[in-house]
Amino acid sequence: MMKEIPNKDILLFKSCLVSVEYPGIESSTKYVFDKLNIDYLISDKQTCCTGLGHYSDIFDQFTTTAIGARNLSVAKELKRPNLVMMCATCYAINKKVVNILNKKDNVREDVNKVFDDSNLSHLKYEKNSFDSTENMFHVVDILYSKKDEIPDLIKYDLSNFKIATHHGCHYCKVHYDDTIGGVRNPQILDELVEACGCETVGFYDHKRTTCGSGFRQRYSNKELSMTVTEDKLNSLEDENVEILVHLCPNCHVQFDRYQNLISEQCGRKFNMIHLNIAQFIALAMGGDLEKVVGSKAHTVPLDSVLKDLKEVEQ
């Protein structure tokens with residue numbers, strides 16, 4: 001039985017990677033949510049989850065937990081108890097923060113003391129005021145709960161493209177019990193692509209492999225990082241994939257920003273573009289390639305594959 005997914009009282013959690021690297025993910029998410037009548041709000045009071053810094057050992061867990069508690073207070077103040085993340089790392093970070101605050105009394109008390117000592121008592125976290133399963137979601141969860149409504153909103157026929165999916169580790173491999181669509185052979189993205197009237201290549205060699213970024217690995221062990229990414233790109237090219245659909249902006253950076261570099265290094269041309277699932281659905285629903293999907297932010301030009309889109313036959 002699938003967990004209950006909300007369609008209202010949502011705080012759409014802003015992501016630093018989305019905002020800086022691929023703002024089209026946010027505009028596409030809003031476009032699709034509006035089409036599906038999802039009730040959401042974005043707040044400028046919300047801050048970064050610390051994800052990139054946390055996983056690079058710049059922010060320790062206590063600091064991350066305190067910042068998470070502050071963001072939860074923003075959601076509570078706005079009466080938006082359902083946090084929905086566009087980034088798989090924000091998703092994993094915030095779920096962990098809620099679990100720590102609910103289960104580790106000493107940590108929660110220390111966090112609240114920091115707020116008291118800083119004259120910010122209104123930010124204090126009350127035990128069990130949020131639940132990591134009932135209040136913390138990824139955008140794909142919301143989209144999946146509405147997948148039966150998506151087909152009626154499709155404008156463009158993308159079924160003639162070879163499409164594959166990549167499910168980010170921080171969605172599939174961190175909080176197993178809350179992952180929709182399986183963790184061994186994840187299917188949630190494949191089912192959402194199918195809701196747009198398309199088929200995916202399904203399972204392929206290296207489908208479950210990480211994108212290779214590992215956050216700091218991209219910089220501290222670049223050769224290893226790029227080798228993992230190259231293996232995945234080779235596997236996709238073997239399937240003649242033209243569009244790779246993912247759910248994490250960090251994976252998006254790894255594939256899109258480094259595809260040309262890896263192509264030069266290994267001497268193989270990769271004929272694929274990269275789209276977040278919200279971008280893919282927004283495009284299928286008729287979202288403008290530049291204004292909604294945010295094509296100009298991509299390193300691999302989207303129009304290298306997306307040419308002469310045809311409307312679905314009524």
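What follows is a walk through two sheets, the helices around them and a few individual residues. The model is a predicted one.

One good place to start is the sheet of three strands. This open sheet has the order E6-E7-E8, and its pairing is parallel. E6 and E8 take the edges with a single partner strand each, so one side of each has no neighbour in the sheet. From one strand to the next, the twist averages 30°. Strands in a sheet pair through backbone hydrogen bonds, and the pairing can be parallel or antiparallel. Here, strand E6 (residues 163-166) pairs with E7 in the parallel sense over four bridges, with Ile163 standing opposite Ile243 in E7. On the other side of the pairing scheme, strand E7 (residues 243-246) and E8 are also parallel, over four bridges. In that pair, Ile243 is opposite Ile273, and Leu244 is opposite His274. To get from E7 to E8 the chain passes through helix H12 (residues 249-266), making a β-α-β crossover that is right-handed.

The side chains of these strands are worth a look. In a regular strand, side chains alternate between the two faces of the sheet. In E7, Ile243 and Val245 point one way while Leu244 and His246 point the other, and all are buried. Strand E8 (residues 273-276) shows Ile273 and Leu275 pointing one way, with His274 and Asn276 going the other way, and again all are buried.

Two helices can be placed against this sheet. Helix H9 (residues 188-195) lies across E6 and E7, and runs at about 145° to E6. Helix H13 packs on the sheet too, touching E6, E7 and E8, with a direction at about 95° to that of E8. H13 (residues 277-284) is mostly covered, with eight of its eight residues buried. Phe280, Ile281 and Leu283 are among the buried residues, and so is Gln279. At the start of this helix, a side-chain oxygen of Asn276 comes to within 2.8 Å of the backbone nitrogen of Ala278. After H13 comes Gly286, which has a positive phi, near 105°.

Strand E7 and helix H13 also meet in the nonpolar interior. The largest nonpolar core has 94 residues, and of these Ile243 and Phe280 touch the most other members. H5 gives the most to this core, with eight residues. Leaving out residues up to four places away in sequence, Ile243 touches Phe161, Lys162, Ile163, Ala164, Ile273, Leu275, Phe280, Val305 and Leu306. That list takes in Phe280 of H13, as well as Ile273 and Leu275 of E8.

Back in the crossover helix, His252 sits in H12. With a relative accessibility of 0%, His252 falls below the 20% cut-off and so counts as buried. A polar atom of the His252 side chain lies 3.3 Å from the backbone oxygen of His274. Setting aside neighbours within four places in sequence, His252 contacts Tyr22, Ile25, His246, Arg257, His274, Leu275, Asn276, Gln279 and His298. Among these partners, His246 belongs to E7, His274, Leu275 and Asn276 belong to E8, and Gln279 belongs to H13.

The other sheet has four strands. It is open, in the order E2-E1-E3-E4, and its pairing is parallel. Strand E2 (40-41) and strand E4 (136-138) are at the edges with a single partner strand each, so one side of each is left without a neighbour in the sheet. Three bridges link strand E3 (residues 82-85) to E4, and the two run parallel. One bridge pairs Val84 with Phe137 in E4. Helix H5 (residues 88-103) packs on this sheet, touching E1, E3 and E4, and its direction makes about 170° with that of E4.

Finally, Asn7 is found in the segment before strand E1 (10-13). The relative accessible area of Asn7 is 35%, which makes it partly exposed. Not counting residues up to four places away in sequence, Asn7 touches Asn37, Ile38, Asp39 and Lys146. Glu26 is 19 residues from Asn7 along the chain, and their C-alpha atoms are separated by 17 Å.

Terms used. Residues numbered from 1 in each chain as written. Predicted model: local features only at pLDDT ≥ 70, side-chain atom pairs only at ≥ 80, totals over all residues. Heavy atoms only, no water. Buried < 20%, exposed > 50% of the residue type's maximum accessible area, 1.4 Å probe, protein only. Pairing = 2+ DSSP bridges. Right-handed = clockwise from strand over helix to strand, strands pointing away. Polar contact = N/O pair within 3.5 Å; in protein donor to acceptor, adjacent residues only side chain to side chain. Contact = heavy atoms within 4.5 Å. Axes fitted to C-alpha atoms, helices over the stretch in contact; angles between N-to-C directions. Core = buried A, V, L, I, M, F, W, Y, C linked by side-chain atoms within 4.5 Å.
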